[in-house]
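Got a few minutes to go through a model together? Let's take it one feature at a time.

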Amino acid sequence: MRILLLLIIIFFGGCHSEMKQQTDPYLIVLGVAQDAGYPQANCNDKCCKDAWENSKKRKFVSCLALVDPQTKQQWIFDATPDIKFQLNLLEKISGLNPLNGIFLTHAHIGHYTGLMQLGREVMGTKNLPVFAMKRMEYFLKNNAPWDQLTKINNINITSIKANTDIVLNEKIKITPFLVPHRDEYSETVGYKIKTERKTVLFIPDIDKWHLWNTDIVTLISKIDYAFIDGTFYKDGELKRDMSSIPHPFVTESMELFKNLSNENKSKIHFIHLNHTNPLLQDNSLEMQEVLRKGFKCAKQEMIINL
């Protein structure tokens, strides 16, 4: 029975009421879109038209939640502009409130600006742990309006270091690692989320894979799930020079990972999808191609038992 429930959770997103009865940690995908969400502001093109007209097709900005139902703790990875909707979704699924902390990846608008909802104008949180690298911490403490969050103790910034474990409890460890990206205001990190049985990789933003000093192909074989940057499906997707925003195209990633076993390919879930990315459309030819080649796309409200 436990195996059947696990399969339901992984492949179909699980039942919210069943998750409240779980004892093992689990992840929830709270959003899959690029920083601007889906649909994107001022986009009236075909890619966004249906989502403007049908709210069920809209997607929140890329975010993961980690829940430990036994200790009644939960954390999110990135504070997005959609945080109020995502916290509401998280509570509906986990049955838990409040939040126990936020892990930030970097200082681009889709990844930290949700912190504004923690201030005195809205939630008025008290010393909520916000885990941040050195430059990210400096940015928040020395720029308005974010500095007010620290001055009046809405948040308590916990300094983290690359490749150094953060022990959340006896079952869960988080490890940040540096990745190359457009680091105008802060460094950029991905995270390994490690439980007693599973390891999850979260890299919502990175420049081209070959610019990273880590062999991502080998790394995939050593973890259980990978949520990786799928911002753009292919070159030419935008009506401007895309070399200035050098994310790995999904087509490039699939080529890079083509010699992986089927088991390892199935670990890969593309996330952080731009509004122009056809992978936001479940029945698109591009989505069919990704699935045919053995890869997956992250789905909002997807639940993975750890």
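What follows is a short tutorial dialogue on a predicted model.

Q: Let's start with burial. Is Asp35 buried or exposed, and which side chain of opposite charge is nearest?
A: Asp35 is buried yet has no salt bridge. A salt bridge needs a side-chain nitrogen of Lys or Arg within 4 Å of a carboxyl oxygen, and the nearest side chain of opposite charge, Arg182, is 6.8 Å away.

Q: Then what does the side chain of Asp35 join up with through a polar contact?
A: With His272: the two side chains come to 2.8 Å in a polar contact. Asp35 itself belongs to the loop between β1 (26–31) and α3 (46–53). Beyond its sequence neighbours within four places, its contacts include His108, His111, Asp205 and His272. Val61, Pro81, Ile109 and Gly110 are also in contact with Asp35.

Q: Glu137 has an acidic side chain too, so to speak. Where does Glu137 lie?
A: In helix α6. Glu137 counts as buried because its relative accessibility is 14%, and the cut-off for buried is under 20%. Its side chain makes a polar contact of 2.5 Å with the side chain of Ser159. Leaving out residues up to four places away in sequence, Glu137 touches Ala132, Ile157 and Ser159.

Q: Now rings. How many aromatic pairs does the structure hold?
A: There are 13 aromatic pairs. Take Phe139 and Tyr185: their centres are 5.5 Å apart, with 40 degrees between the planes, and the pair is tilted. This pair links distant parts of the chain, with Phe139 in helix α6 (residues 134–141) and Tyr185 in the loop between β8 (172–178) and β9 (189–194), 46 residues apart. Phe139 has a relative accessible area of 10%, so it is buried.

Q: Which residues form one aromatic cluster?
A: Phe77, Phe103, Phe131, Tyr191 and Phe202.

Q: And which residue lies over the face of Phe249?
A: Lys208, at 3.7 Å from the ring centre.

Q: Back to burial for a moment. What is the relative accessibility of Ile206?
A: It's 0%, so Ile206 counts as buried. Ile206 sits in the loop between β10 and α8 (216–220). Among its contacts, sequence neighbours within four places aside, are Pro180, His181, Trp212 and Pro248. Gly190 is 16 residues from Ile206 in sequence, and their C-alpha atoms are 8.6 Å apart.

Q: Where does Thr199 lie?
A: In strand β10 (residues 199–203). Thr199 counts as buried because its relative accessibility is 16%. Outside four places in sequence, Thr199 touches Lys192, Ile193, Lys194, Ile223, Asp224 and Tyr225.

Q: Last topic: the backbone. Why look at phi and omega?
A: Because most residues other than glycine have a negative phi, and most peptide bonds are trans. Exceptions are what you scan for.

Q: Which residues here have a positive phi although not glycine?
A: Asn42, at about 70 degrees, and Asn163, at about 65 degrees, are two to look at. Asn42 is in the loop between β1 and α3, and its relative accessible area of 77% is why it is exposed. Asn163 is in the loop between β6 (155–159) and β7 (166–169); at 61% relative accessibility, Asn163 also counts as exposed.

Q: And which peptide bonds are cis?
A: Among them is the bond from Asn97 to Pro98, with omega near 15 degrees. Pro98 is in the loop between α4 (83–94) and β4 (101–103). Another joins Ala144 and Pro145, where omega is about 5 degrees. Pro145 is in the loop between α6 and α7 (146–151).

Note on methods. Residues are numbered from 1 along each chain as its sequence is written. This is a predicted model: local features need pLDDT of at least 70, side-chain atom pairs count only at pLDDT 80 or more; totals for chains, interfaces and linings use all residues. Side-chain values use heavy atoms; hydrogens and water are left out. Helices (H or I, at least four residues) and strands (E, at least two) are DSSP runs, numbered from the N terminus. Buried means under 20% relative accessible area, exposed over 50%, partly exposed in between (1.4 Å probe, protein chains only). Lys and Arg count as positive and Asp and Glu as negative; His and the chain ends are not counted. A polar contact is a pair of N or O atoms within 3.5 Å; within protein, one must be able to donate a hydrogen and the other to accept it, and residues adjacent in sequence count only if both atoms are side-chain atoms. Contact means heavy atoms within 4.5 Å. Rings of Phe, Tyr and Trp (its six-membered ring) pair if their centres lie within 6.5 Å; planes under 30 degrees apart count as stacked, over 60 as edge-to-face and the rest as tilted. A charge sits over a ring if NZ of Lys or CZ of Arg is within 6 Å of the ring centre and within 35 degrees of the ring normal.
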